[in-house]
Amino acid sequence: MIRTVNELQEKYDELSKMVQGYHMRILVCGGTGCIANGSLEVYEKFKEVLHKKGLYTDLKLIQEGKEGVGISSSGCHGFCEMGPLVRIEPKGYLYVKVKAEDVEEIVESTVLRKQPVKRLLFKDSAEKKEFLKENEIPFYRRQTRLVLKNCGKIDAEDIRDYIVCGGYKALAKVLTEMTPEEVCDEILKSGLRGRGGAGFPTGKKWKQVLMQDADIKYVVCNGDEGDPGAFMDRSVMEGDPHRMLEGMIIAGYASGAREGYIYVRGEYPLAVKRLQVAIQQAHEWGFLGENILGSNFDFDIHINKGAGAFVCGEGSALTQSIEGFRGMPRPRPPRTVEKGLFGKPTVLNNVETFANVPLIISNGADWYLTIGTPGSPGTKIFALTGNINNTGLIEVPMGITLRQIIFDIGAGIRNGKKFKAVQIGGPSGGCLTEEHLDISMDFDSLEAAGAMVGSGGLVVLDEDSCMVEVARFFMDFTQRESCGKCVPCREGTKRMLEILEKIVSGNANIKDLQLLEELAEVVKIGSLCGLGKTAPNPVLTTMKYFKDEYMAHVVEKRCPSKVCKGLGQLAIDPDKCRGCGKCRKICPASAIEGKTREPHKIDITRCLRCLACVDACPFDAIREE
Amino acid sequence: MVNDISCRNFEKVNKILEKYDYKPSNLISIFQEVQEIYRYLPEEILVYISTAMGIAPSRIFGVATFYESFSLEPKGKNLIKVCDGTACHVRNSDKILSTTKEILNLKGDTKTTDDMLFTLDTVSCLGACGLAPVIVINDKVYGNMTPEKVRQLINDIKEASCNDQDS
């Protein structure tokens with residue numbers, strides 16, 4: 001139990017000394033991606049081999065002065081596609097795609113002979129060389145990892161690792177040197193904007209709660225990352241949970257709250273477990289509970305597991321869900337800062353926002369303002385996925401261009417295909433095209449382009465993707481996730497989906513396109529909450545930037561990317577066709593020609609696409625192309 | 001046997017209710033724990049919870065039907081979730097879904113196999129997008145899926161369950 005700031009400093013010094021005593025430490029990535037690829041087996045194998053060789057292994061920190069090899073499981077490194085990842089400290093070697101069979105060789109050569117295992121290093125096909133250390137790899141080289149600094153480098157289940165990295169010093173500073181007003185002002189000055197997507201100034205929100213005259217206030221952390229294609233919150237919760245807790249405790253002090261709630265997605269069992277461990281450790285060490293660090297400040301944190309409702313990412317729906325109701329948004333005002341959880345003033349921020357707080361407090365608002373753009377300071381974590389070479393989690397300064405992200409960090413499009421578009425910010429965001437490649441990635445520029453930072457999901461699409469189908473996919477998602485409370489969202493998204501389905505199946509006419517656009521505007525203006533208000537964004541942006549694709553579907557009944565099944569052209573495979581004539585006889589448009597016992601042909605201009613011939617063919621020779 | 005609710009043994013449910021202090025704000029957590037035992041929310045248990053907690057049945061059923069992770073239908077022993085998030089979708093998750101349906105012989109909207117061995121669901125995103133397409137079987141994540149890999153995984157489970165019955 002740490003009671004004073006001095007004790008925290010002493011502990012820090014003591015732990016730092018212990019870390020310097022490391023002979024070597026092996027960190028096996030224990031993030032969800034790497035676990036899926038078998039990193040736990042690698043971890044167990046390391047333990048087994050090191051034990052067998054009689055090398056001293058302590059699963060946690062090594063005792064001072066003792067030589068040996070420590071092994072820990074870390075959080076996500078972000079380079080998920082290359083997993084399982086293994087880091088060797090203090091050398092900083094990063095091994096990729098490590099299998100249990102490789103462990104013996106790593107121990108033999110790296111641990112015993114201090115030589116890297118070349119074949120396990122990351123190799124870049126463009127630069128045609130291998131990289132010894134993480135920060136040399138192009139994927140990492142161009143990133144600015146501040147919030148994710150510890151992810152992959154520390155054991156997320158050991159609070160001591162976080163303290164060695166300077167953890168809880170920001171909390172100590174706040175409790176001993178600053179008043180709640182000063183904390184709010186510092187955050188306000190830093191220009192930190194909510195990383196959940198909308199980008200509301202965080203300091204302003206905190207101050208509004210602080211100003212409220214209420215005996216009970218709450219801090220709520222939104223960890224309900226429901227956006228398809230985003231996983232940054234998951235990685236922070238799994239890889240560096242204490243950073244987020246520290247941010248929440250500081251928010252509690254700054255706003256006058258004594259209780260915090262974390263609402264985590266039910267689909268993230270590992271995040272829930274790591275948070276539970278972190279909260280328990282923070283209690284044991286005195287960073288949570290009563291009289292934190294000898295101050296008069298009390299704070300406690302509870303975890304609520306979500307039950308699978310996308311709309312619960314919306315503030316007022318989320319608080320309803322924590323209260324044990326259906327997670328439905330309510331009209332505002334009153335806003336969450338006035339009447340939030342249990343009707344009390346509430347600070348509600350996203351995981352990444354809270355994780356930024358200790359950085360700002362420790363380094364100062366002026367330092368923070370040197371990163372990013374004047375309107376959007378700091379960094380943003382993006383989940384880079386889709387048809388791109390390097391998928392994973394990246395942290396970049398705001399204001400970086402899309403081109404730098406996709407071609408420098410992401411190493412371009414897979415299989416040498418052409419870049420077509422990027423879907424940013426999930427179902428609330430929009431599509432950006434080639435002409436936007438040099439756009440500055442910050443809150444305001446993206447909004448001006450009709451997209452938004454949103455959750456930070458970046459799904460890259462290549463030339464083979466059909467934009468109408470992508471729009472249909474997102475509409476299908478938002479329609480399913482609509483809570484049904486307000487009519488524009490409940491009925492509007494349903495009708496929009498119907499029209500999009502008509503388009504991709506080739507049954508739409510030009511009037512449907514007009515109706516779709518009209519409906520999109522109505523849903524956007526008339527919906528109660530953010531889910532409905534942003535649901536038409538993917539449709540509107542694809543209609544704006546890919547009008548020709550919509551027209552091809554509607555007018556020419558053709559899918560230029562050959563994705564939409566309903567718009568494929570029928571063709572007879574001459575190798576399979578035996579010329580039995582069954583298809584010719586059944587075709588209502590007389591579109592099939594051919595002599596008996598000779599391969600038949602379909603005249604596409606006459607074909608009605610009734611598919612009767614497909615059913616009639618006994619040889620499975622008629623297919624959509 | 002845990003699935004036998006006909007004996008009206010509410011002991012386990014009582015323990016959960018006590019753990020959460022009968023507090024209405026804990027309703028979702030209570031449902032989550034009940035579902036862990038029965039693999040779904042049996043009607044009788046819901047009625048019991050309504051009476052024991054003094055909450056109107058309308059609210060109980062309202063909450064139970066609102067959230068996707070709650071099921072009022074019995075679920076199979078093995079829960080397969082095919083991810084259809086954006087990243088998985090652009091890497092052809094629909095093929096994984098159709099193959100899985102085919103292997104399990106599920107037609108139309110049926111989600112659970114007749115032998116109660118498997119339930120198939122789709123989820124919107126599992127947050128493992130780097131490994132797309134992804135499926136989850138009983139909370140274990142499998143990445144970079146192909147139809148062949150799915151077939152193998154399901155076969156393994158089937159074999160294991162046969163062996164269980166033999167022994």
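Leaving aside its neighbours within four places in sequence, which residues is A:Arg472 in contact with? Keep that question in mind while you set up the view. The model on screen is predicted.

**Stop 1: A:Arg472**

Select helix α18 of chain A, residues 467–481, where A:Arg472 has its place. Show the side chain of A:Arg472 and then everything around it. Beyond the neighbours within four places in sequence, the contacts are A:Leu497, A:Leu500, A:Glu501, A:Val504 and B:His89. The list therefore includes a residue of chain B, B:His89, along with residues of chain A. Is A:Arg472 buried or exposed? A:Arg472 counts as buried because its relative accessibility is 15%, and the cut-off for buried is under 20%.

**Stop 2: strand β3 of chain A**

Next, select residues 69–74 of chain A, which form strand β3. This strand is mostly covered, with 6 of its 6 residues buried. Turn the strand and look at where the residues point. A:Val69, A:Ile71 and A:Ser73 point one way, while A:Gly70, A:Ser72 and A:Ser74 point the other way. The residues on both sides are buried.

Now add strand β1 of chain A, residues 24–29. In which sense do β1(A) and β3(A) pair? The two strands pair in the parallel sense, over 6 bridges. To find one place where they face each other, pick A:Arg25, which stands opposite A:Gly70 in β3(A).

**Stop 3: the domains of chain A**

Colour chain A by domain: domain 1 (19–137), domain 2 (159–369), domain 3 (372–462), domain 4 (467–555) and domain 5 (570–624). Then hide everything except domains 2 and 3 of chain A. Their centres, taken over C-alpha atoms, are separated by 26 Å. The contact takes 20 residues from domain 2 and 25 residues from domain 3.

The area buried between domain 2 and domain 3 of chain A is about 1700 Å², and carbon and sulfur atoms give 60% of it. Select A:Arg193, A:Arg195 and A:Met232 in domain 2 of chain A: these lose the most area to domain 3 of chain A, together 33% of what that side buries.

How many salt bridges are found across the interface of domain 2 and domain 3 of chain A? There are 2. To see a salt bridge here, show the side chains of A:Arg193 and A:Asp444, which meet at 3.4 Å, N to O. Between these two domains there are also 7 residue pairs in polar contact. On the domain 2 side, the elements that give two or more residues are α10 (232–239) and α15 (365–369) of chain A. Of the elements there, α10(A) gives the most, with 3 residues.

**Stop 4: chain B against chain A**

Bring back both chains in full. Here 33 residues of chain B are in contact with 49 residues of chain A. The two chains bury about 3200 Å² between them, 54% of it on carbon and sulfur atoms. Select B:Phe66, B:Thr86 and B:Arg91, which supply 19% of the area that chain B buries against chain A, more than any other three residues.

The count between the chains is 1 salt bridge. Show the side chains of A:Glu81 and B:Arg91, which meet in a salt bridge at 4.0 Å, N to O. Across this interface there are 14 residue pairs in polar contact. Which elements give two or more residues to the side of chain B that touches chain A? They are α2 (27–38), α4 (57–66) and α5 (86–90) of chain B. End the tour on α4(B), which gives the most to that side, with 5 residues.

Key. Residues are numbered from 1 along each chain as its sequence is written. Chains are lettered from A and ligands numbered from 1 in the order in which they are written. This is a predicted model: local features need pLDDT of at least 70, side-chain atom pairs count only at pLDDT 80 or more; totals for chains, interfaces and linings use all residues. Side-chain values use heavy atoms; hydrogens and water are left out. Buried means under 20% relative accessible area, exposed over 50%, partly exposed in between (1.4 Å probe, protein chains only). Helices (H or I, at least four residues) and strands (E, at least two) are DSSP runs, numbered from the N terminus. Two strands pair if DSSP finds at least two bridges between them. Contact means heavy atoms within 4.5 Å. Domain bounds come from an automatic or database domain assignment. Buried area is the accessible area (1.4 Å probe) that two parts lose on being put together, summed over both. A polar contact is a pair of N or O atoms within 3.5 Å; within protein, one must be able to donate a hydrogen and the other to accept it, and residues adjacent in sequence count only if both atoms are side-chain atoms.
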